[in-house]
Amino acid sequence: LTNGLIINPAYAGSRGALSANISYRKQWARIQGAPQFQNISLHSPINRKEKVSLGLLAEYNTFGVTKEIGIYGFYAYNISLGHGRLSMGLKGGIDLSNTNYNELDLIDPNDPLFMGSSSYTLPNIGAGLYYYTDKIFVGLSVPSILSYRRDEADQFTVHPDYNLLKTYISTGALITFSEGFKVKPSVLLRYSLSEPLEIDLNTNLIIADIFWIGGSYRVAEKAAVALLDLQVTPQLKIGYSYDYQAGHLNKYTSGTHEISLRYEFEFSVSAASPRYF
């Protein structure tokens, strides 16, 4: 909801300006070793016609005794189609992972399967389509096409597996009641052959183009999300979200917290592109 580049490479440049995003997410507070996600991204059209866009994304994720880093570059090309634009995007980069078994509390400290560490540095690619006007958007993407497999020698190799491909489908609209009050409903679907269908149902109330008050419900995770974004200036936006676990995790965690910041540099790029998606 705050940075479409994370799930769809074709989102690059769709803001119509050099857009910088930073976010930090602490999953399932109070649970030791629960995931934490951090990312920083830049993306922008490279000329006034806004046909070609480039982007960069760096991610740092931790969970348990595993640390992961992802560094990716993005390329998107878009064309005018009907009342909007169709963007076609590609993503390429590397995934780095390290699991340090020495940090585990083991029943048997001499267990040879849990000694030392396990790591890899391997490539990954992604692709997507994104169509948007000033009223609607529709996206289709596979952010990570490649998967990895560990052999008996504890070595990782690239191993494409179509059963593990996760496809993202997103769509939403902007409903304008007045200049001071707008509503942006949206839906996100995540599907793979190896996992159940995941659905996010989202709504944002936009007041005076300054306050974004929203809610989301993740059906598979049974999590209700409250969101508050503040458009401090036309260029700076600050956001906070809180996830309440409605399922079995509720008794163990105080929820999930995420903060985000977006700043857009409009030094040379046209501001004609929609800004609500």
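Begin with the whole chain in a cartoon view, where you will find zero helices and 17 strands in the protein. The radius of gyration is 20 Å, close to the 19 Å that the globule rule gives for 277 residues, so the protein is as compact as a globular protein of that length. Keep in mind throughout the tour that this is a predicted model. If you turn the protein along its principal axes, its C-alpha atoms fill a box of roughly 65 × 40 × 35 Å. Buried residues make up 40% of the 277 residues, and the accessible surface comes to about 14900 Å², of which 64% belongs to carbon and sulfur atoms. Among contacts between residues at least 6 apart in sequence, 49% join residues at least 24 apart.

**First stop: β1 and its partners**

Select residues 18-26, which form β1, together with residues 36-45, which form β2. These two strands pair in the antiparallel sense over eight bridges, and a good place to see the pairing is Asn21, whose bridge partner in β2 is Ser41. Now add residues 256-265, which are strand β17, and you will see that β17 also pairs with β1 in the antiparallel sense, over nine bridges. Here the residue to pick is Arg25, since its bridge partner in β17 is Glu258.

Before leaving this region, select Trp28, which lies in the loop between β1 and β2. Trp28 has a positive phi of about 50° although it is not a glycine. Most residues other than glycine have a negative phi. With a relative accessible area of 24%, Trp28 is partly exposed.

**Second stop: β4, β5 and β6**

Move to residues 66-81 and 84-100, which are strands β4 and β5, and follow the 16 bridges over which they pair in the antiparallel sense. Within this pairing, Ile69 stands opposite Leu96 in β5. The hairpin of β4 and β5 has two residues between the strands, and in it Gly82 takes a positive phi near 65°. If you then add residues 117-132, you have strand β6, which runs antiparallel to β5 and is joined to β5 by 16 bridges. To find a pair of facing residues here, pick Gly93, which stands opposite Asn124 in β6.

**Third stop: the salt bridges**

Show the side chains of the charged residues next, for the count comes to 12 salt bridges. Start with Glu195 and Lys166, whose side chains meet in a salt bridge at 3.1 Å, N to O. Glu195 lies in strand β13 and Lys166 in the loop between β9 (156-158) and β10 (167-173), so the pair ties together parts that are 29 residues apart in sequence. Glu195 is partly exposed, with a relative accessible area of 37%, and Lys166, at 23%, also counts as partly exposed.

Keep Lys166 selected and add Glu198, because the side chains of these two residues also meet in a salt bridge, at 3.2 Å, N to O. This pair links distant parts of the chain, with Lys166 in the loop between β9 and β10 and Glu198 in strand β13, 32 residues apart. Glu198 has a relative accessibility of 19%, so it counts as buried, the limit being under 20%.

Next, select Arg218 and Asp243, which form a salt bridge with the closest N and O atoms 2.5 Å apart. Arg218 is in strand β14 and Asp243 in strand β16 (residues 236-245), so that distant parts of the chain, 25 residues apart, are linked by the pair. Both Arg218 and Asp243 are buried. Finally, select Arg25, Lys166, Arg190, Glu195, Glu198, Asp200, Arg218, Asp243 and Glu258 together, which salt bridges that share partners join into one network.

**Last stop: Lys237 and Asp209**

Is Lys237, in strand β16, buried or exposed? Lys237 is buried, with a relative accessible area of 10%. Leaving aside residues up to four places away in sequence, Lys237 touches Trp212, Asp229, Leu230, Gln231, Ser260, Leu261 and Arg262.

End the tour at Asp209, found in the loop between β13 (195-207) and β14 (211-218). Asp209 has a positive phi near 55°, in a residue other than glycine, and at 29% relative accessibility it counts as partly exposed.

Technical notes: Residues are numbered from 1 along each chain as its sequence is written. This is a predicted model: local features need pLDDT of at least 70, side-chain atom pairs count only at pLDDT 80 or more; totals for chains, interfaces and linings use all residues. Side-chain values use heavy atoms; hydrogens and water are left out. Helices (H or I, at least four residues) and strands (E, at least two) are DSSP runs, numbered from the N terminus. Buried means under 20% relative accessible area, exposed over 50%, partly exposed in between (1.4 Å probe, protein chains only). Two strands pair if DSSP finds at least two bridges between them. A salt bridge is a side-chain nitrogen of Lys or Arg within 4 Å of a carboxyl oxygen of Asp or Glu. Contact means heavy atoms within 4.5 Å. The radius of gyration is taken over C-alpha atoms; the globule rule is 2.2 Å times the number of residues to the power 0.38. Accessible areas come from the Shrake-Rupley method with a 1.4 Å probe; for residues, only the protein chains shown count as cover.
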